[in-house]
Amino acid sequence: MSKSRTVIDLSGIWDFKLGSKDFENNISFMNSDSIAVPASYNDQKDTEQYRNHYGWVYYRRTFYVSGKFSGERIVLRFDAVTHLATIILNGKGIASHKGGFLPFDVDITDKIDFDSEQELIVCVDNKINHSTLPVGNESTIAFFGSDNAGIPSVEAGKAHKKKGNVPNFDFFNFSGINRPVRLCIMPKEYIKDITIVTDLINDTAKISYDAEVCGKGGNFKITILDEDKNEVAYSEEINGVMELKRTHLWQPYPEHPYLYTARLEYGEDVYFQTFGISTVEVKGTQFLINGRPFYFKGAGKHEDSPFHGRGIDLCLDVKDINLMHLIGANSFRTSHYPYAEEMYQLCDKEGIVIIDETPAVGIGGGDNPYKTFHMHQHHEDVIRNLISRDKNHLCVVMWSLGNEPEVERYPQDAYDYWQKLYKLAHKLDHQSRPVTFVCCQNDYKKDIVTRTMDVVCINRYYGWYNLSGDLDAACYAFDVELDFWEKQNKPVILTEYGADAVSGLHRNVPQMFSEEYQWAYYEKINEILDKRDFIIGEHPWNFADFDTFDGCMRVGGNKKGLFTRNRNPKSVVRYFKHRWSTIPNFN
Ligand code: BDP
């Protein structure tokens, strides 16, 4: 908001109808259900139909727009609708959008009849397939394992299992209007975008900026304000470079993550953009933030909470960042999709570092996905939109193009696919942050892609899925693998490693699924990490237990959390709190 801009939040209790697999026109809202927006719908009513819904659902609400806004530009902005959305305003389809984790907006300036009630219908499809990100299948076969011989299958026409969404990934397919819907009202001649790129030469910051405006006549001004609201730089050019002497850097917590604000003015319009001054660079096997080698301590996360599902939960975000401070973590990865923008704003302020991931998870299984899946164009769009959304967040230090794709069986196809995206991400990000993707446990010698990324990010489950229960063998195998990575002369982050632990399950002799095994697992694997200088970070999987599909390897969700889903600590939190208090952020 600013003196020229008004934001109206359309959150609330909306009307709701479950639909079917195929889109239906003219849906009736007679006898509709009630649903909270924003939030996933799945856990808002305890029925099989809600929880495991497959296909379209329909949301409806009405609102008025005051006539005092006539003559202004009015935009409907959706922060995230998962996964496919069709927007209907006053009976007319006005937009559709694919992809459940990034924002989109629709200009409705000419579609509003002031004084009358406006009817907004949001149709949402949760089907996932080989062209969506994340990737899914429409089938009856569970993600993990298949049925024994002799079990009637759908193909034999005797199935009792319903056809539905079968994710190619390990988190529940929570769907719906997961993030806020807002009306944004601004002058018709307005500031459209601003890109700010910072660099540091000795004590002087270089602030390069590039603003985009819509309109013909207005004068442009940009003023940089420090944290005390002092004006420290000013220009009337729409793009250019400003210099700031004796600058304050954005540094990860517990140092001060100093934030500046750019105030942009164009004609009547005023827009504020927060930013910080910092640099990120990979040099040899080091990851430098503001010129100093950084060590990533933290975890992979999910947006996942009771009742909300994957719906925005600001209270939980604040709690999680506080828990990170408490255990000495300095970073996390937005596994396996971009999170709500509020989380990045919070991390800018709290000095927590983010590896920002696209929703490209599940590119694998079955045939060669690079030949049979149709997601390339969508993947490019997602990268474009992600970088466009998050480019000015200092907390984002690296882009992750995806998680655990197939790279081993079709190495050359994988190489061609990921190199193209790697180059695209570099081209789009003027701040030149490092680019990576996260690779699965595999025959790493056959994988020719991971080693080409700026940082090698590996997920490894030695001692859990592999060499289960035998931590000595696990350590041996992991150590052998690290010899290989050492030769690549790249920095390596262990972006996932972990063991399920059912909170409260204890064993004197560490046994899988007990809290003692989880502790022993990390203690042993970390000993291997600590011997290698090129390892620049450790992200246990996961920060907290989370909900996922039904399967014989999951007990009421994935239990690899350091914390339970309700954020109670498992024993291992004491171990990490001590360990991370002895590992500094830098050097
Ligand atoms: C990894 C995936 C992650 C899973 C994890 C697990 O990247 O999404 O949740 O395995 O199995 O392979 O716990």
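Author: Before we start on the pockets, a word on classes: Ala, Val, Leu, Ile, Met, Phe, Trp, Tyr, Cys and Pro count as nonpolar, Asp, Glu, Lys and Arg as charged, and the others, with Gly among them, as polar. Please also keep in mind that this is a predicted model.

Reader: Noted. How much space lies in the largest pocket?

Author: The largest pocket holds about 1,700 Å³ of space. Its lining is made up of 39 residues, and those closest to its centre are Arg 5, Arg 77, Tyr 271, Gln 273 and Glu 341.

Reader: And which elements give two or more residues to that lining?

Author: On the strand side they are β1 (6–9), β5 (73–78), β9 (104–107), β14 (181–186), β15 (190–201) and β21 (269–275), and they are joined by the helices α3 (341–350) and α5 (376–390).

Reader: How do the residues of the lining divide by class, then?

Author: Under the classes I gave at the start, the lining of the largest pocket divides into 15 nonpolar, 9 polar and 15 charged residues.

Reader: OK, over to the ligand. Which residues come nearest to the ligand?

Author: There are 13 residues around the ligand, and of these Asp 170, His 336, Glu 404, Tyr 465 and Lys 560 come nearest. By class, that shell consists of 4 nonpolar, 4 polar and 5 charged residues.

Reader: Which polar side-chain atoms lie 2.8 Å from an oxygen atom of the ligand?

Author: One belongs to Glu 496, whose polar side-chain atom is 2.8 Å from a ligand oxygen, and Asn 558 likewise places a polar side-chain atom 2.8 Å from an oxygen atom of the ligand. For Asp 170, an N or O atom of the side chain is 2.6 Å from an oxygen atom of the ligand.

Reader: And how much of the ligand's accessible area does the protein cover?

Author: On its own the ligand has 320 Å² of accessible area, and the protein covers 91% of that.

Reader: You listed His 336 in the ligand shell; what kind of peptide bond joins it to Ser 335?

Author: Ser 335 and His 336 are joined by a cis peptide bond, with omega at about -10 degrees, and His 336 itself sits in the loop between β26 (331–333) and α3. A cis peptide bond also joins Leu 133 and Pro 134, where omega is about 5 degrees; Pro 134 is found in the loop between β10 and β11 (136–139).

Reader: What about phi at Arg 246?

Author: Arg 246 has a positive phi of about 45 degrees although it is not a glycine, and its place is the loop between β19 (239–244) and β20 (260–266).

Reader: Switching again: how many cavities of 30 Å³ or more are there?

Author: The count comes to 6 cavities of 30 Å³ or more. In the largest cavity there is about 100 Å³ of space, and of its 14 lining residues Glu 303, Asp 304, Gly 311, Asp 313 and Asp 317 are the closest to the centre. By class, that lining has 5 nonpolar, 3 polar and 6 charged residues.

Reader: What volume has the second largest cavity?

Author: The second largest cavity has a volume of about 60 Å³, and the residues that line it include Phe 275, His 393 and Arg 433.

Reader: Last topic, how many salt bridges does the structure hold?

Author: It holds 43 salt bridges. One pairs Glu 119 with Arg 60, and there the closest N and O atoms are 2.6 Å apart. This pair links distant parts of the chain, 59 residues apart, with Glu 119 in strand β10 (residues 118–125) and Arg 60 in strand β4 (residues 56–63).

Conventions. Residues numbered from 1 in each chain as written. Predicted model: local features only at pLDDT ≥ 70, side-chain atom pairs only at ≥ 80, totals over all residues. Heavy atoms only, no water. Near = heavy atom within 4 Å. Polar contact = N/O pair within 3.5 Å; in protein donor to acceptor, adjacent residues only side chain to side chain. Areas by Shrake-Rupley, 256 points an atom, 1.4 Å probe, with all protein chains shown as cover. 1 Å grid on protein atoms, 1.4 Å probe; cavity = no way out; pocket = protein on both sides within 12 Å on 5 of 7 lines; lining within 4 Å. Points joined across faces, edges and corners; volume = space filled by probe spheres on them. Helix = DSSP H or I, 4+ residues; strand = E, 2+ residues; numbered from the N terminus. Salt bridge = Lys/Arg side-chain N within 4 Å of Asp/Glu carboxyl O.
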